[in-house]
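These exercises are meant to be worked with the sequence and the structure open side by side. Try each task before reading its solution.

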Protein chains: 2
Amino acid sequence: MPKKVQSAIEPTRAEDYPEWYQQVVKASDLAERSSVRGCMVIKPWGYSLWENIVDAMDDMFEETGVKNAYFPLFIPKSFLEKEAEHVEGFAKECAVVTHHRLEKGPDGGLVPAGELAEPLVVRPTSETIIGDSFSRWVKSYRDLPLLINQWANVVRWEMRTRIFLRTSEFLWQEGHTVHATEAEAIERTRMMLDVYARCAEEYLAMPVIKGRKSAAERFPGAVDTTCIEAMMQDRKALQAGTSHFLGQNFARASEIKFQTTDEKEAYAWTTSWGTSTRLVGGVIMTHGDDDGIILPPRVASSHAVILPIVRKPDDRPAVMAYVDNLVNRLKEQTFHGRRIKIEVDDRDIGGARGWDWIKKGIPLRVEIGPRDIEGNSVFVGRRDKGHREKESMSVDRFVAEFANLLDDIQANLYDRALAYREAHTRDIKDKQDFDDFFTPKDSDKPEIHGGFAVSPWCGDAACEAAIKEDLKVTIRCIPFDSEATDDKCICCGKPGSRSVIFAKAY
Amino acid sequence: MPKKVQSAIEPTRAEDYPEWYQQVVKASDLAERSSVRGCMVIKPWGYSLWENIVDAMDDMFEETGVKNAYFPLFIPKSFLEKEAEHVEGFAKECAVVTHHRLEKGPDGGLVPAGELAEPLVVRPTSETIIGDSFSRWVKSYRDLPLLINQWANVVRWEMRTRIFLRTSEFLWQEGHTVHATEAEAIERTRMMLDVYARCAEEYLAMPVIKGRKSAAERFPGAVDTTCIEAMMQDRKALQAGTSHFLGQNFARASEIKFQTTDEKEAYAWTTSWGTSTRLVGGVIMTHGDDDGIILPPRVASSHAVILPIVRKPDDRPAVMAYVDNLVNRLKEQTFHGRRIKIEVDDRDIGGARGWDWIKKGIPLRVEIGPRDIEGNSVFVGRRDKGHREKESMSVDRFVAEFANLLDDIQANLYDRALAYREAHTRDIKDKQDFDDFFTPKDSDKPEIHGGFAVSPWCGDAACEAAIKEDLKVTIRCIPFDSEATDDKCICCGKPGSRSVIFAKAY
């Protein structure tokens, strides 16, 4: 047996991927389970990662003319019922508010009182409540397009939860737009998907495939759902963002009508699009290694940690002065327009200190001791390299190269993730190959399988359902660049199909 | 009768202040009532004002070492019950989640189903749910102080709501800190109140009085509540922020214990502090005039609007080129570290255009027509001056003076508000004077009264209650600089008292 390499996370990815994920979340101090079923607590290290994602996206939204607003947390039951498919999709798992106070019950404990005439649902998504406002805001073609985004918490009472990936409450943004024409709404649907793809690829270093969902996987009430899909390191797909063309369905449900240029009344065309704290889970599973999370520098909670090495108390003043000077020089810089954030950790806890920051995924670790000061150097570890790999460099070079180092880490993470996805994506046209690809080789590790299969599908929902039933494999998306071919459907064998991405998914 | 001056808001402040407020909210496009009882929709113009307040405060929090995190929306009933006064304070008006799905009822409509074993309360404030996490995070004196803030929505089922000032759902921040010693927690309570005062005075141009609440007005469960109080233009007080020293009450309720330096186990000392979207209401009522809201430049959604004047179609290219050039020159600048935001409104709607921006309270309106271009000038209206007062100035001077103009508006708003408060604050030591001060002169306008009375109070809750009962006047705060005197209590006449601020309040 090969000797096991020491790593910070037990178990490793290869040993037990789902448990590795839980342990990385814990070791990185990103978040924890709360005492409320299915709800998470996002701790400061995780929250600042989310804040950086928010900032990046918010700027991109603004560039496309979108403005932020805020709508009520509660949706009257009757609003949800306005769109038949929509309520069908969300009624099964929603938090229902039925009372507006607690009062002493017969046994002395508090019981719900003040029953509401109409129950309220805690928003699982806000098409219907925002549509109610839009029906008042939109009167004429002059009011269009209306381009609104909301940063908010939403609740979906999921039965099986996993921190960041599927929680009862999560944070997200939901964009809602109204247009005079179908073409313009379709264009906006795609424009916002492109924003998501840019955020994923340029900021999170997470390569994604853009495409549309099959009818079975559409957002409840949408005419068309587009999405970005990323491959995690267990080769499963993560849907990282969706953008929906809603046609006139929700405009009809909410009575969003406008006077056209030729003075007729018409229903408007709407879109909605969302991404969530699930992206944090995506970052963990795209880049993390057996030592923990690796933060992409462009959204990292902090860019570097300085670890002063003080062996004798007498050395302290000189070391700390050197550290302060370095911190000040680094903070004069910016990184892609963001302030540089530097941590200084002078806790006296031995080797645990360096490991803490490795587990937290900070891009750069900088050790500074008396010898470094003598040599005017620093000792630098990059989080994207192995934890043993460290390099001594002159402090001037380090300061001058700081942003380049971060860019290099960012690019390396992206390249690695892309190579991983390419290595585990296969064109498969034979059903037996397809089954083999998705069948675990080792019954102890049912989660390990081939990855993404690019295979022909005839378009029939029955074929899609059969594959899902047999293999727990779904159509992740029909890539925008997929072309119609004469290939035989991977399920029914009928010719005349389209290449789609099949995968197991979160 | 004097001739009525034309103004944009009907009624004026003098005619009907509460209705003026509602009309300003509407005319400024800040927010609207939603279809959900007591909940508001914050529209883009109002939301960006809130975002600017958030940014300003967030930076100040960070400077004091506070980090942001996020905790669950839901609080199990049993958590709320852990602190007796706390649950007493909030159980009467809270949204209670009792079910986790909707399903078809006997008559075909959806009814709540999946009853929860324990009801959940939508957070009215998060001491108990955050305390649950803190009890796990805090183990040793090394983990202290713990300085956490959360930006979130909260729900209090208010019976009488008024937009921004008192709504069932509102946005806020709540800070929660844990300390090893009582002195440190008290110091933090005051430090955060000082941050609030700075935010109010420097950003919102809203002068405030800092002090502590009487026992009757304390936060439920707190040992001491400190606050900032501002005077609105109907001379009523607005509590604009509170900071609570919680002693060990919530530490005991949530079992937040730590190992001390001498290895004993001790309960920690905690604080909490909050401000909310109510501040937006405060901005409206502090600065607004009969033409609408006036935005303080440091938090304004936008700094200036350019209004191109195109009388002949042929003029358009030249005017728009001149406008673009001006916008670019202004956007090269920053204002107190913030990006300059400029609106260009070239709608062809006549005089309504200028009025729209007056009602929206934008600090500067800049008209540019062919004549201005000829003279290399701009025609500038300041929102803090009357709507008729406009000044022509050279475009170069306008660009050079832009930030100074904004600073001048900011200072003018603050000075005016301070002068207003001083004009309506009176030292009163005689009970008859006190009663007269708070008794409306005109029975048609029951809201008009004297303002703030600085009067002696013996400290007895019975006197406080009697005054509240008689006059609807409460002790807003005991100013930090108030000294003990031999003056007679304004209510019972007993000597040995302290000067406090009495007022009617929102």
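**Exercise 1. A residue in a loop**

In which loop of chain B does B:Glu255 lie? Then describe its backbone and its surroundings.

Solution. Keep in mind throughout that the model is predicted.
- Step 1: B:Glu255 lies in the loop that runs between helix 7 (249–254) and strand 12 (257–259) of chain B.
- Step 2: The phi of B:Glu255 is positive, about 60°, although the residue is not a glycine.
- Step 3: For comparison, most residues other than glycine have a negative phi.
- Step 4: B:Glu255 has 15 C-beta neighbours inside 10 Å, so it counts as partly exposed.

**Exercise 2. Another positive phi**

Find where B:Arg235 is placed, and decide whether B:Arg235 is buried or exposed.

Solution.
- Step 1: B:Arg235 sits in the loop between strand 10 (224–231) and strand 11 (237–245) of chain B.
- Step 2: Its phi is positive, about 70°, and B:Arg235 is not a glycine.
- Step 3: Within 10 Å there are 21 other C-beta atoms; the cut-off for a buried residue is 20 or more.
- Step 4: B:Arg235 is therefore buried.

**Exercise 3. Helix 1 of chain A**

Compare the span of helix 1 of chain A with the expected one, then find which of its residues are buried and what covers them.

Solution.
- Step 1: Helix 1 of chain A covers residues 17–28, which is 12 residues.
- Step 2: At 1.5 Å a residue, helix 1 of chain A should span 16 Å, and its end C-alpha atoms are 16 Å apart, so the two agree.
- Step 3: The buried residues in helix 1 of chain A are A:Trp20, A:Tyr21, A:Val24, A:Val25, A:Ala27 and A:Ser28.
- Step 4: Their cover includes strand 1 (31–33), helix 2, helix 8 (278–287) and helix 10 (352–360) of chain A.
- Step 5: After helix 1 of chain A comes A:Asp29, with a positive phi near 65°.

**Exercise 4. Two helices that cross**

Describe how helix 2 of chain A packs against helix 6 of chain A, and name the residues that meet.

Solution.
- Step 1: Helix 2 (residues 44–63) and helix 6 (residues 182–203) of chain A have axes 10 Å apart and pack at an angle of about 140°.
- Step 2: That angle makes helix 2 of chain A oblique to helix 6 of chain A.
- Step 3: The crossing of helix 2 of chain A with helix 6 of chain A is right-handed.
- Step 4: From helix 2 of chain A, the residues A:Ile53, A:Ala56, A:Met57, A:Met60 and A:Phe61 meet A:Val195, A:Arg198, A:Cys199 and A:Tyr203 of helix 6 of chain A.

**Exercise 5. Helix 12 of chain B**

Where is the kink in helix 12 of chain B centred? Also give the reach of this helix and its buried residues.

Solution.
- Step 1: Helix 12 of chain B (residues 395–423) has 29 residues.
- Step 2: From first C-alpha to last, helix 12 of chain B reaches 39 Å, close to the 42 Å expected at 1.5 Å a residue.
- Step 3: The kink is about 60° and is centred on B:Glu401.
- Step 4: Buried residues in helix 12 of chain B include B:Phe398, B:Phe402, B:Leu406, B:Ile409 and B:Gln410. Also among them are B:Leu413, B:Tyr414, B:Ala417 and B:Arg421.

**Exercise 6. Two cis peptide bonds**

Locate A:Pro11 and B:Pro145, and give the omega of the bond leading into each.

Solution.
- Step 1: Most peptide bonds are trans.
- Step 2: The bond from A:Glu10 to A:Pro11 is cis, with omega near -5°. A:Pro11 is in the segment before helix 1 of chain A.
- Step 3: B:Leu144 and B:Pro145 are also joined by a cis peptide bond, with omega about -5°. B:Pro145 is in the loop between helix 5 (127–137) and strand 7 (146–155) of chain B.

**Exercise 7. The surroundings of B:Thr12**

Which residues does B:Thr12 touch, not counting those up to four places away in sequence?

Solution.
- Step 1: B:Thr12 is placed in the segment before helix 1 (17–28) of chain B.
- Step 2: Its 18 C-beta neighbours inside 10 Å make B:Thr12 count as partly exposed.
- Step 3: With that exclusion in sequence, B:Thr12 touches B:Ser7, B:Trp20 and B:Asp290.
- Step 4: B:Ile309 is 297 residues from B:Thr12 along the chain, and their C-alpha atoms are separated by 30 Å.

How values were computed. Residues are numbered from 1 along each chain as its sequence is written. Chains are lettered from A and ligands numbered from 1 in the order in which they are written. This is a predicted model: local features need pLDDT of at least 70, side-chain atom pairs count only at pLDDT 80 or more; totals for chains, interfaces and linings use all residues. Helices (H or I, at least four residues) and strands (E, at least two) are DSSP runs, numbered from the N terminus. The expected span of a helix is 1.5 Å times one less than its number of residues. The bend at a residue is the angle between axes fitted to the seven residues ending there and the seven starting there. A residue is buried if 20 or more other C-beta atoms lie within 10 Å of its own, exposed if 12 or fewer, and partly exposed in between; C-beta atoms are placed from the backbone. Axes are lines fitted to C-alpha atoms, for helices over the stretch in contact, and angles run from 0 to 180 degrees between N-to-C directions. Angles under 35 degrees count as roughly parallel, over 145 as roughly antiparallel, 65 to 115 as roughly perpendicular and the rest as oblique. A crossing is left-handed if the near helix is turned anticlockwise from the far one by less than a right angle, and right-handed if clockwise. Two residues are in contact if their C-beta atoms, placed from the backbone, lie within 7 Å.
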